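This report describes aromatic pairing and the surroundings of selected residues in a protein chain. The sequence and structure are shown first.

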Amino acid sequence: MMNDQTDTLSLQTPPTSEEPSSPVSPVVLTFRTTLITVVAIFIVAGNIFSIVVVRRIKDLADSTKILMTSLASNDFLVGLYAIPSIVASALDRWPFGDVVCRIQGIVALTSVTLSVSLICMLNLERYVAVTYPFRFPVWFQRRWVLAAVAVAVILCTALVVIRICFIMPMSYIPASVLCIGQHGTAVLEIIVTIVVAVAPVVIMIIIYLRLIQISRQHARKIKAQAGGQSGQQRDARRPGSDTKAVRTFLVVTLCFAFCWGPIQGSRACAAVSGISLPNWLVFVTTWLAASNSFCNVCIYYVFNASFRSEAKRTLDRFRCSKCTSVGPLET
């Protein structure tokens, strides 16, 4: 009887952040640690480079610079909170204690919440720039955008702290090598999935379709007012150029949903069904979501000509500075 009660109590006690994970083969351990290390390096280096390049682009609105820099800074934090996971993966246990575990969990959850907010703000900013060009300088003044970012940071952090303190405490998950906590209730996980993976894509698609409609209306007006065929062909290109920045942020939004959708969807399915997810799926979806933090740099480089040109100039300056610092050898 006493043995049965002891077994029951041991099953009900939740695992602490200090408990080691189940033994992992050396090959899997090496691969896992290497993958997390590469992801962390790419995130940190890529977003530092992105911040430097964005600040040097001259033909970019101040509001766009602030929002893109804020998003890159937020992604940079993702790379920093991945560093403790490198050590935890190599040791196959969490060695830093509960305080660091909670800090990592707060940063992780705040980063995804803030990313959603900043992406929506970027989409709204580009939409207003195209649809209300004369009101845009007034509505998106530098001080107002900085204030909006500050409010978003405060609100996102407060929501995460409330979630951790009252809804879902942090705990180390050996399968994901991350302090992020087990999934919450089915309703909570479904709401989070809608907010993180579904809502930004729906909002962006609506904005993009609206801008396509506006561009076609502009093209028809230009066609009706054009004096000749050459003028018509020359001016008809202008409406399309207005949507290039929006197209870039459409790709950013879709990439975010692609990377974060699987982890939120799997957590929601686990919460609804009550079935435990396999460890490999937890690891893959967790670090696929984290890898989104260096995808934006690649998207900017591919889809934004100004970013690409300034990035090339920055790399050229870096290479030239290394050459001049060495100097010619005297004979």
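## Aromatic pairs and a buried threonine

Seven aromatic pairs are present in the structure, which is a predicted model. In one of them, the ring centres of Phe 42 and Phe 294 lie 5.5 Å apart; because their planes meet at 65 degrees, and over 60 degrees counts as edge-to-face, the pair is assigned to that class. The two partners come from distant parts of the chain, 252 residues apart: Phe 42 belongs to helix 2 (residues 26-56) and Phe 294 to helix 12 (residues 279-303). Phe 42 has a relative accessible area of 47% and is therefore partly exposed.

A further edge-to-face pair is formed by Trp 94 and Phe 96, with 5.3 Å from centre to centre and 75 degrees between the planes. Tyr 172 joins Trp 94 and Phe 96 in one aromatic cluster. Within this pair, Trp 94 is buried at a relative accessible area of 0%, whereas Phe 96 is partly exposed at 34%.

Away from the aromatic residues, Thr 253 is located in helix 11 (residues 244-273). Its relative accessibility is 1%, so Thr 253 counts as buried. Leaving aside residues up to four places away in sequence, Thr 253 touches Ile 119, Asn 123, Pro 200, Val 201 and Met 204.

The accessibility values are collected below.

| Residue | Relative accessible area | Class |
|---|---|---|
| Phe 42 | 47% | partly exposed |
| Trp 94 | 0% | buried |
| Phe 96 | 34% | partly exposed |
| Thr 253 | 1% | buried |

Conventions. Residues numbered from 1 in each chain as written. Predicted model: local features only at pLDDT ≥ 70, side-chain atom pairs only at ≥ 80, totals over all residues. Heavy atoms only, no water. Phe/Tyr/Trp six-rings, centres within 6.5 Å; stacked < 30°, edge-to-face > 60°. Helix = DSSP H or I, 4+ residues; strand = E, 2+ residues; numbered from the N terminus. Buried < 20%, exposed > 50% of the residue type's maximum accessible area, 1.4 Å probe, protein only. Contact = heavy atoms within 4.5 Å.
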